[in-house]
Amino acid sequence: MRHSCSIAVGPARFRIGSDWRAPIDQLRQLYADYPMEQSVPDFTVRLQATSVLRRVIRPQVAIAGDFTLPDAAPLPLEQGLLAAEMAMNLQMALGWRRHLLLHASAVSRNGRAVIMTGVSGAGKSTLSALLGERGWRFLGDEFVLIDPDTGNIAPFPRPISLKNESIASMEREVDDDTRFGPVMHDTPKGTIRHLRPRAEWVEQMARETRPALLLFPRFGYARAVRRVDEAESFVRLTQASTNYVALGERGFDALTGLVRSVRACAIDYADGEEGAELVERLWSEQGTRLGDRAAAA
Amino acid sequence: MTDGWSVARALTDPASVAGLDSTGWTQLLSAARALSLIGTLAEVLADAPLPPDAARVLADVRHSNVTGQRQALWEAESARMALADYPGRVVLLKGTAFAAAGYDAALGRSIGDLDILVARDGLDQVEALLLKAGWEWVKPDPYDDAYYRQWMHELPPLIHATRDRMIDVHHTILPLTAGPTPDAAALIADARALPSGLYVLSPADIICHAAAHLIADGDLSGGMRNLWDIDRLVRQFIVEESGFSDTLAERAKLHGLTDAVGRALRLSAQLFGTPIVFRQAQGGSGSVPAIDSLFLRRITAVDGWGRKTRKLTRQAFYIRSHLLRMPPAMLARHLWTKWRKGHRG
Amino acid sequence: MPSAYAALPASALKRVTLGGLEAIYHLPSGITHLLAEPVPDLLDTLAAQAPGRYLTAGEVLGLIRERFDVAGDDPTEQPQNVLAERLAELAALGLVAVMHHA
C-alpha cells in the first residue's frame, strides 16, 4: 500500500497500511515511544478507500485486514486514527491466540495487578488512566492478556482512548500536553482523544505481572461494593473474553485458574475520584490479606 | 510480486520458502490468509525451518486449526444425534466430510458451516428434527425463505441457538438455477458410511462436488482453496481407489459435470501439479484453453497486503461472534429435589 | 426398554469446582458447561462404575439414594422420571454416553 508503518504493542506486532498519508503520520506520533522496526507482523491492518473515487472525494476509510467484520462501517478520513485503532483491536479480539484476552483494563503496583472489566462506558478505561497518574503502572485500557501457562498478565499498554467527559478530567490530571493526540469529534463513540502512556510503561511492557484483584466497576451509580463469587466471575469473564472459546482447553485452564486465585468485587461509584479511592481501599485490604497470609506461612 | 502463485509454490514446494526475507514472509502470510489457505500453509510448513516471528504466527494458526476442526466434528456429531430418528442417510459435505473421513485434504483446512446432504423427500423431517434439537432460522424473512426453498439446493440456513453454529441442509449439490443437474439420488446411494453412522460422498462424487462448487461460486473467492482440496483428494484417491480415473469419468458424465470436472482438474494441475486423471477429447497436451487462463487470473488475484486485486469482489474473512453462550443455567432452573450432601443422619 | 447411561472416559471432561457450581470443559466439543447440583453427583455416580457399565435412571436413583436425601418438591413427580429427564439432557449435550436399548 502507499503508506505504511509497523508498531509493536506488548507481545503483538502490527503492520498498518493506508491509502492516505495522514493516518500513518498520526500513528507514528501517537506511538513514538513504541518499537517500530519491521519484522513479520502478527497482524496486517489496511485502511483503504471504499472506492477509487473515495480516495480523494470525501474520503472514507474502510477497516480491513487479516480479520474483518462484514458489517464494519467506514469512517471519514479525519477519523483515520480511530479507524486504525479499531482495526488493531479487531485483529487482537479475533486473531490473538497466545493469551486469554479479556476486554478489560489493568494497573499494577509492586508486581501485583488489578483487573477492571465491564461493558463499554462502565469506566474501566478512565479509571485505569486515572490510577496511572497516581503511582500505578498502567498495563492497558482495552485488553488484558493472561498467559495460559503462568497465569501472569502480559502488559498491552496501548494509547488510552478517552471519550467525552473523561477527556477534560484527564486533561486536568496530566500536565504534559504532548501526551495527548488530536481531538476527534462526532465519531461513532462521541468525542475521542488519545492519551499516550508514560514512556516507562512502554519500556516495561515486556515485563509481566501477577493478577491479584478483579473488579467489575460501574460508573455513575451510588457507591457500593459487593463480593463476586468464583462462578459469577467466571461467567462474566467468559463474556468479557473475545477468544475464550477459540483457545479451547487452555482458555478454560487460564480462566478457572484466574477466578480461583483472585478476590473479585463489583464496585459502583459516582465519579472518577470515588472510583480511584475505592480501588485504593480494596487494594490496601487486599494487601493486608496477602500480608496475613505471608505472616502465617 | 506476491500473488496466489506464491502461495501455490509454498504449498507444493515447502523448501521454496527458505530464501524468503521478512518482507517475503509478511506478504506470503497475508496472501495465504486472504485465500483461506493459511491453515494449510501452517501444516505444510510444520517441519520446515522458519524464522522465529513467522514461526510464532504459524504456531498460532496451527492451534486454531485444532480447535476449528474439533468444533466442526462436534457439529457433525450434534447433527447425527439430532437426526438419529431420520431413517435416511445423512451425508457430510466439504471440509467436515474430509475431516470426518480422515482425508489428507482436511490437513489445516478451515471449516465454516456444517453442510449436509439428505434426500429431497426427507427435508421436512430433517428440518423438524433439527428445529426440535435447538437449531433455529437465521432470517425469518418469508421472501428469503420462499426463495431458498424454491430455487436453492438447500434449506434456508439454520443456526444452533446455544452453540451459534450454522448448518446448511442440501438436497443436491448445485442450485436448481444452475445449468447442470447432478443426480442427487445417485450421490446419496453411492455415499460411504463412516463408523459414526454418518456418510460421505464417494471419492468420485467428492471431486464432482468440488468441481461443481467451483463453477457455481460466482466470484471464485474460494477458488484457490477449492482447487487445493481437489489436488489433495485426487492424489489420495488415485492411490487408494482402484479404477478411480474411469469411475470419475463415469460419475462426472452421470451428473452432467464432465466440463466442470475437466476444467477444475486442468486448473489444479496448473496451480499444484495435480496428476492427470481425466482426459477429455478436446485440447491437446500443453494447450490450456483461454478461458482457463482467465479463471487462473481471477483465482490467484491477491497481493502481499491480502487485498483481492484485479477487481475481484473482496472476500471478507467472515467471523461470527465468538461470544460464548452458556447453556441456560441448565438445572438451576428446575431443581426439583433437595439434595443434601453427606449421609442421611 | 429404558435408556441407559455411562460416564465418558475421564479424559473427555475437565471439571473445576467454582464455589457452589462446577465448570465442566467438554473436550470433544470445546464447550464449557456451568452446572449446579445434582449434576456433578450424577456424573460422579456414573464415573464410579466399571468401564462400559450402563445404568438406567432407576439404577442411578438407587445408588444416589444411599448418599443423598431425594425428595421431590412436587409430590406428583416421580424422582425416577425427573432423573431420567436430567440424564437425557446430559446425553443430548454429549456429557454422558447413552445406550437407547439397554
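## A salt bridge across the interface

Arg13(A) forms a salt bridge with Asp53(B), and their closest N and O atoms lie 3.6 Å apart. The model is predicted. The count between chain B and chain A is four salt bridges.

## The contact between the chains

Chain A contributes 35 residues to the contact, and chain B contributes 30 residues. The size of an interface is often given as the accessible area lost when the parts come together. For chain A and chain B, about 3,000 Å² is buried between them. Carbon and sulfur atoms account for 53% of that buried area.

Both partners of the Arg13(A)–Asp53(B) salt bridge can be placed in their chains. Arg13(A) falls in strand β2(A), which spans residues 12–18. Asp53(B) falls in helix α4(B), which spans 52–82.

## The sheet of chain A

Chain A has an open sheet of five strands. The order is β1-β2-β3-β4-β5, with mixed pairing. Its edge strands are β1(A), residues 3–9, and β5(A), residues 75–76. Each of these two pairs on one side only.

Strands β1(A) and β2(A) run antiparallel and are joined by seven bridges. In this pairing, Ser4(A) stands opposite Gly17(A) of β2(A). Helix α2(A), residues 80–95, packs on the sheet. The helix touches β2(A), β3(A) (43–49), β4(A) (60–65) and β5(A). Its direction makes about 145 degrees with that of β3(A).

## Chain B as a whole

Chain B has 345 residues, and 52% of them are buried. Its secondary structure comprises 13 helices and seven strands. Take the contacts in chain B with a separation of 6 or more: 68% of them link residues 24 or more positions apart. The chain exposes about 15,400 Å², with 53% supplied by carbon and sulfur atoms.

## Helix α5 of chain B

Helix α5(B) covers residues 94–101. Which of its residues are buried? They are Gly95(B), Thr96(B), Ala97(B), Phe98(B) and Ala99(B).

These buried residues pack against both helices and strands of chain B. The helices are α4(B), α9(B) (203–216) and α10(B) (223–240). The strands are β1(B) (91–92), β2(B) (114–117) and β7(B) (199–200). Helix α4(B) thus appears twice in this account: it packs against the buried residues of α5(B), and its range of 52–82 includes Asp53(B), the salt-bridge partner of Arg13(A). Just after α5(B) comes Gly102(B), with a positive phi of about 70 degrees.

Definitions and conventions
Residues numbered from 1 in each chain as written. Chains lettered and ligands numbered in written order. Predicted model: local features only at pLDDT ≥ 70, side-chain atom pairs only at ≥ 80, totals over all residues. Heavy atoms only, no water. Helix = DSSP H or I, 4+ residues; strand = E, 2+ residues; numbered from the N terminus. Buried < 20%, exposed > 50% of the residue type's maximum accessible area, 1.4 Å probe, protein only. Contact = heavy atoms within 4.5 Å. Areas by Shrake-Rupley, 256 points an atom, 1.4 Å probe, with all protein chains shown as cover. Pairing = 2+ DSSP bridges. Axes fitted to C-alpha atoms, helices over the stretch in contact; angles between N-to-C directions. Buried area = accessible area lost by both parts, 1.4 Å probe. Salt bridge = Lys/Arg side-chain N within 4 Å of Asp/Glu carboxyl O.
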